[in-house]
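Okay everyone, thanks for coming. I'll walk you through one structure today, piece by piece, so have the picture open while I talk.

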Amino acid sequence: MKTLISSDVRLLADLIRKGGVVVFPTETVFGIGASSFNEEACKRIYKIKGRPSDNPLIAHFSSIESIKSVCEVSEIAERLLLTFSPGPITLVLPKKNPIVFPKELPTLGVRIPKNPIIREWIEECGSPISAPSANLSGRPSLTRMSDALRYFDGVVDGILVAEEPNLGIESTVVGLYEDPPVLLRPGSIESNDLKRFLPNLVMPNSVTARGEFVPPSPGMKYKHYSPKANVKLLPSEKFLSEFRKCRNDSKTAWIGFSYVLNPSPGDETLAIDPTRMKFVSSNWEYSSALYAFFEFCDQIGIHTIYCEEPKEGEGKEGLLNRLQKASEDN
């Protein structure tokens, strides 16, 4: 298949209108999308990704008004959208248009991407864009154009060239289809931010959700975000201890804070291949770097990735969720 790789939103919108599948960047991660009104095109996304058929897709819109055309938007839902979007928040709302994919679900996850070029493209498409993250099912989401090209050039109809993701983890998902509202997936918009509007917000342990049910949001039922390498999530003291013991093993890699902030006398960091180490200064930087580091480790044949637990404070909630999911059953 010949893949159209372009920054021309009109050309990429034309592909969508013709039933095509397009990879595109958002502020969170790359998505792989099709028209929400084209069931066959949306089903093709599942085939490309190897995604379980009961794992729903989030629909991306250009505006709040366009969301209102297909979903019931309550007063509190509108307040949340006005406060946090365009941006990394997804609301799961009752549908009022049954033709929107997936037809069998009474709810729909909706969000408005931050990048104005992506919103312009969605507007040009003439329909919302149903899109999960652009990756192979269960694997880390993609945050670099080079990785998107490596996986999807020759596989999808088009790849939209625009600013690469900078947040690095998927959107926060809030279920507003029942009372009380539920935090279905943590992200960069944290529960404390949401509780200013939703004081009764429920936060279930969705990390281990299993069983015979159709989840209203991605990230709940199946293993996600995992590289081929074994991921070990460790508290700071244990992370440093393992680093000193195993750092010369060429099949290990390391991502965290401690070593650069608290170096011990006599530690010889220069004896280690620096490409196997990724040290960050904040939870936000950690989130932004995580999936690209996982991808790199898989490319160079790393067997074990040691991840330091996030620090207390801003950015911990969503990052910890992704690290737990990546290390679960690994």
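Let's start with vocabulary: helices (H or I, at least four residues) and strands (E, at least two) are DSSP runs, numbered from the N terminus. Also, this is a predicted model, where local features need pLDDT of at least 70 and side-chain atom pairs count only at pLDDT 80 or more, while totals for chains, interfaces and linings use all residues. Residues are numbered from 1 along each chain as its sequence is written, and side-chain values use heavy atoms, with hydrogens and water left out.

Right, first stop: two prolines. Where is Pro86 found? Look in the loop between helix 4 (75-84) and strand 5 (89-94). A cis peptide bond joins Ser85 to Pro86, with omega at about 0 degrees. Then go to the loop between strand 5 and strand 6 (107-111), and you'll find Pro102. Phe101 and Pro102 are also joined by a cis peptide bond, and there omega is about -5 degrees.

Now the sheets. When I say two strands pair, I mean DSSP finds at least two bridges between them. One open sheet has 10 strands in the order 1-8-2-3-7-4-6-5-9-10, and its pairing is mixed. Its edge strands are strand 1 (4-6) and strand 10 (182-185), each of which pairs on one side only. From one strand to the next, the twist averages 30 degrees. Before I quote more angles: axes are lines fitted to C-alpha atoms, for helices over the stretch in contact, and angles run from 0 to 180 degrees between N-to-C directions.

Let's zoom in on that sheet. Strand 3 (residues 30-35) and strand 7 (residues 129-131) pair in the antiparallel sense, over two bridges. In this pair, Ala34 sits opposite Ser130 of strand 7. Out at strand 10, three bridges join it to strand 9 (residues 172-175), and these two run antiparallel. Strand 9 and strand 10 make a hairpin, with six residues between them, and Gly175 stands opposite Val182 in strand 10.

What lies across strand 3 and strand 7? That's helix 2 (residues 39-49), running at about 145 degrees to strand 3. By contact, I mean heavy atoms within 4.5 Å. Helix 6 (residues 145-152) lies across strand 1, strand 2 (22-25), strand 3 and strand 8 (158-160), and runs at about 175 degrees to strand 8.

On to the other sheet I want to show you. It's open too, with four strands in the order 11-14-12-13 and parallel pairing. Strand 11 (230-234) and strand 13 (277-279) are at the edges with a single partner strand each, so one side of each has no neighbour in the sheet. The twist here averages 15 degrees from one strand to the next. Five bridges hold the parallel pairing of strand 11 with strand 14 (residues 304-308), and Val231 stands opposite Ile305 in strand 14. Helix 8 (residues 236-246) lies across strand 11, strand 12 (252-256), strand 13 and strand 14, at about 150 degrees to strand 12. Helix 10 packs on this sheet as well, touching strands 11, 12, 13 and 14, and its direction makes about 170 degrees with that of strand 12.

Now for helices against helices. Two packed helices are described by the angle between their axes and the distance between the axes. Helix 10 (residues 283-299) packs with helix 11 (residues 316-327) at an angle of about 25 degrees, the axes being 9 Å apart. That makes helix 10 roughly parallel to helix 11. For the wording, angles under 35 degrees count as roughly parallel, over 145 as roughly antiparallel, 65 to 115 as roughly perpendicular and the rest as oblique. Among the residues making the contact are Tyr286 and Leu290 of helix 10 and Leu319 and Leu323 of helix 11.

Compare the next pair for yourselves. Helix 1 (residues 9-17) and helix 5 (residues 116-125) pack at about 45 degrees, with their axes 8 Å apart. That makes helix 1 oblique to helix 5. In this contact, helix 1 residues including Leu12 and Ile16 meet helix 5 residues including Ile117 and Trp121.

Last stop: Arg17. Which residue does Arg17 form a salt bridge with? The partner is Asp14, and the closest N and O atoms are 3.6 Å apart. A salt bridge here is a side-chain nitrogen of Lys or Arg within 4 Å of a carboxyl oxygen of Asp or Glu. Arg17 and Asp14 are about one helical turn apart, because three residues separate their positions in helix 1. Across the whole structure, the search finds 16 salt bridges.
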